[in-house]
Amino acid sequence: MPKYVIVGNSAGGIAAVEAIRSRDKEGTIALVSDEPYPAYSRPLISKYLAGETTEQGMLYRPADFYEIHAVKAYLGKVAVRLDVESRKLHLEGGPALAWEQLLLATGGTPIVPRMEGLDKGGVFTFTTLDDAKKLDSALEPCGRVVVVGGGLIGMSVTEALVKRGIQVTVVELLDRV
């Protein structure tokens, strides 16, 4: 049974692994991520979309990070149920991980405003490498993109799109970005 189970493979999850290892060299650690990739820097997905970096260039830690820190990584696995009473985290398709200490470092979920046309396709969020890949594959037939939101992520994707020669319109609720 893993002593520590961490759900999340971004900055919070990776920092937790490093903090645990700085105090506990022997305790077993399992890390679960719904993404199939080793830890990468999410802010660099805009550089990836712009063609300024590769997947390898986005790595947040070396590819052997999990091995170096004796972490059993469940990459590409979705946590589907948490049973607090029995201290088990159930993964889609198995296994169920028992734990002594659990950290949920899953980050946020983008807010997609309810509006007509969302079901028609061509609507993307921009927080993961897979989001960037899906958007990238849809860019060829289009020459224009509307970005909803003028925050950090909206401006980041706008910059990447402009670098790709795409015309961008930014829609923001406030009167400024």
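Entry 1. Terms and model.
I take two strands to pair if DSSP finds at least two bridges between them. I note that the model is predicted. With that definition I looked up β1 and β2, and I found that 4 bridges join these strands, which run parallel. I recorded Val 5 as standing opposite Ala 30 in β2.

Entry 2. The parallel sheet.
I then followed the sheet to which these strands belong. I found an open sheet of 4 strands in the order β3-β2-β1-β7, with parallel pairing. I noted β3 (71–75) and β7 (101–104) at the edges; each has a single partner strand, so one side of each is left without a neighbour in the sheet. I read an average turn of 15 degrees between neighbouring strands of this sheet, direction ignored.

I went through the remaining pairs. Strand β1 (residues 4–7) pairs with β7 in the parallel sense over 4 bridges, and I found Tyr 4 opposite Gln 101 in β7. For β2 and β3 I recorded parallel pairing over 5 bridges. Here I saw that Ala 30 has Lys 72 as its bridge partner in β3.

Entry 3. Helix α1 and strand β2.
I looked up how β1 leads to β2, and I found that β1, α1 and β2 make a right-handed β-α-β unit. I asked myself which strands helix α1 touches as it packs on the sheet. Helix α1 (residues 11–23) touches β1, β2 (29–33), β3 and β7, and its direction makes about 175 degrees with that of β2.

I next asked whether the residues of β2 are buried or exposed. I found 5 of the 5 residues buried, so β2 is largely enclosed by the rest of the structure. I noted that both faces are covered, with Ile 29, Leu 31 and Ser 33 on one side and Ala 30 and Val 32 on the other.

Entry 4. The antiparallel sheet.
I turned to an open sheet formed by 3 strands in the order β4-β5-β6, and I recorded its pairing as antiparallel. I found β4 (79–83) and β6 (96–98) at the edges, each with a single partner strand, so one side of each is left without a neighbour in the sheet. I read an average turn of 20 degrees between neighbouring strands here, direction ignored. I noted that strand β5 (residues 88–91) pairs with β6 in the antiparallel sense over 3 bridges, and that Leu 89 stands opposite Leu 97 in β6.

Entry 5. Helix α4.
I looked up the buried residues of helix α4 (residues 129–139) and found Leu 129, Asp 131, Ala 132, Leu 135 and Leu 139. Seen down the axis of α4, these fall within an arc of 155 degrees, so I take them to line one face of the helix. I recorded that they pack against α2 (45–50), β8 (144–148) and α5 (152–163).

Entry 6. The nonpolar cores.
I asked which residues of the largest nonpolar core touch the most other members. Of its 18 residues, I found these to be Leu 49, Phe 126, Leu 135, Leu 139, Val 157 and Leu 161. I noted α2, α4, β8 and α5 as the elements that give two or more residues to this core.

I followed Leu 139 further, leaving aside its neighbours within four places in sequence. I found Leu 139 in contact with Leu 49, Val 145, Leu 161, Arg 164 and Ile 166. Lastly, I recorded a second, separate core of 12 residues, which includes Ile 6, Ala 16, Leu 31 and Phe 65.

Key. Residues numbered from 1 in each chain as written. Predicted model: local features only at pLDDT ≥ 70, side-chain atom pairs only at ≥ 80, totals over all residues. Heavy atoms only, no water. Axes fitted to C-alpha atoms, helices over the stretch in contact; angles between N-to-C directions. Contact = heavy atoms within 4.5 Å. Buried < 20%, exposed > 50% of the residue type's maximum accessible area, 1.4 Å probe, protein only. Arc of directions from axis to C-beta. Core = buried A, V, L, I, M, F, W, Y, C linked by side-chain atoms within 4.5 Å. Right-handed = clockwise from strand over helix to strand, strands pointing away.
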